[in-house]
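Work through the two exercises below with the sequence and the coordinates at hand, and attempt each task before reading its solution.

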Amino acid sequence: MADAPFSILDELGFRFEPDNLYQQVVTQTLTAAEKLETPRHLQLIMAQPKNEIMVHFPVKMEDGHYRLFKGYRVQHNNLLGPYKGGVRFHPDVSLDHVKALSLLMTMKSALVGLPFGGGKGGVQIDPRAVSLEELRRVTRRFTVALGDNIGPDHDIPAPDVGTNPAVMGWMADTYLNTAGRTQRINGESVVTGKPLAFGGSPGREKATGQGLVFVLDELLPELDLDPATLSFSLIGYGNVGSWAGRLLGHRGATLKAVMDHTGAIYADGGIDVERLAKHVAEHGGVAGFNHGCETIDEATFYGVEVDLFIPAALEQMIGPEQAGLLNCKVLAEAANAPTTPEGERVLTEKGVRVLPAILCSSGGVTVSYFEWRQNRDAVTWTVDRVDRELCELMHAAARRTREMAHRLKCDLRTAAFAAALESLSEVYAIRGIFP
Ligand code: NAD
């Protein structure tokens, strides 16, 4: 039997901070490792990333002054393939945050069975507060600062909060302009989530929302919910939230309430998912959307009675207070780590089933893998093929999670981590630890 998780944290010199996202994610990983009786040395390896890269770079702003930016790239694990994970542009990006997200990427890739490891990056910047030209310069300088720490066979960034296909296009272009001649072969596959005309994949933009819908198709029937008739609410109407909302809406589900950084709206008869997407694209958020909706406050938003609640914004938004207000049967985590351990405890007591993020939000990295393959083969798949292959992998990952939950008699979060750890353990056992 493996040792208690906290002895690993002690050994690594962590001062226990229950609110620290990285420690929360490590604890979830170690809880699953314990259940699976994973060897202690693998628990140690998983508890810290391989590389933590921190860069500072100056950028000339429109008014002529220079601003110094801080950026990160954390490479958690590359046992199964190149490091892979998004780049976030947000003022609150911190090293511990990026470390947590990089560990989750290792778990997602392993759970789905992708030939990738886990990484994550970010720059401390509010992308809404700078001009397009400033954003482009920041992206280019960040890419150059990372240098050969990224590459198509080494570490492959993708979009995350605050970044989009345009940012990925600038990253790929910067890499192609600065890399040596041999590194430029398939050089555009250094990042995924690119614009369609520059090596992007059909279906990548909707991929995380689409992946969530496929997971729901597999898991909801046994929870007595039908994706075609259920009611739901969403936090976040950005890339992931808006696609989840639109795809579920097209199936016939009723979107009752949405909250984002600009406010919260509610319509008992259902919100028009397409009109809302258009409004958010034009106005930057859900505030001001009428069309039969009323504005509600945050507490009312959380209390709206729905079958399914989908957090698709930032981490740690569902703490005990929010969990106490929630009035849903199932919570599906489309964002990374949206539920705190205390929040989850309250949800479990209330009988709310939690579908974990490393399963529900793995559609994005899966279609990123398809994009990477298309770039290397110099082909473009049809969106039907992308959807078909995504559907197969999401259903398989959901079934694997459910089977592990039965086998270990544990919740779905622990099961998803355990399934990922099982794949990693098997390969570590074959390869051994160098030297
Ligand atoms: P995005 O930038 O497109 O959207 C973020 C959303 O969060 C916006 O609607 C914003 O209004 C909302 N938000 C921000 N602060 C908020 C606050 N304080 N209260 C309420 N809402 C707030 O980002 P995204 O790409 O949709 O990512 C959302 C989540 O999904 C993140 O956790 C991200 O890591 C995760 N994720 C994204 C992808 C992807 O492919 N983009 C893949 C996997 C996981």
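Two exercises follow, one on a sheet and one on a pocket.

The model is predicted, so that local features need pLDDT of at least 70 and side-chain atom pairs pLDDT 80 or more, while totals for chains, interfaces and linings use all residues. Residues are numbered from 1 along each chain as its sequence is written, and side-chain values use heavy atoms, without hydrogens and water.

**Exercise 1.** Establish the strand order of the open sheet and find the helix that packs on it.

Step 1. Taking strands as DSSP E runs of at least two residues and helices as H or I runs of at least four, numbered from the N terminus, and counting two strands as paired if DSSP finds at least two bridges between them, one obtains the order β1-β2-β4-β3-β5 with mixed pairing.

Step 2. β1 (51–60) and β5 (155–159) pair on one side only and are the edge strands.

Step 3. β1 runs antiparallel to β2 (residues 66–77), to which 10 bridges join it; Met54 has Tyr72 of β2 as its bridge partner.

Step 4. Helix α6 (residues 165–178) touches β3 (83–89) and β5, contact meaning heavy atoms within 4.5 Å.

**Exercise 2.** Describe the lining of the second largest pocket.

Step 1. On a 1 Å grid over the protein atoms alone, a pocket is an open set of points where a 1.4 Å probe fits, with protein on both sides within 12 Å along at least five of seven lines, and lining residues have an atom within 4 Å of a point.

Step 2. Of the 20 lining residues, Gln24, Thr27, Gln28, Pro341 and Glu342 lie nearest the centre.

Step 3. The largest share, five residues, comes from α2.

Definitions and conventions:
Axes are lines fitted to C-alpha atoms, for helices over the stretch in contact, and angles run from 0 to 180 degrees between N-to-C directions.
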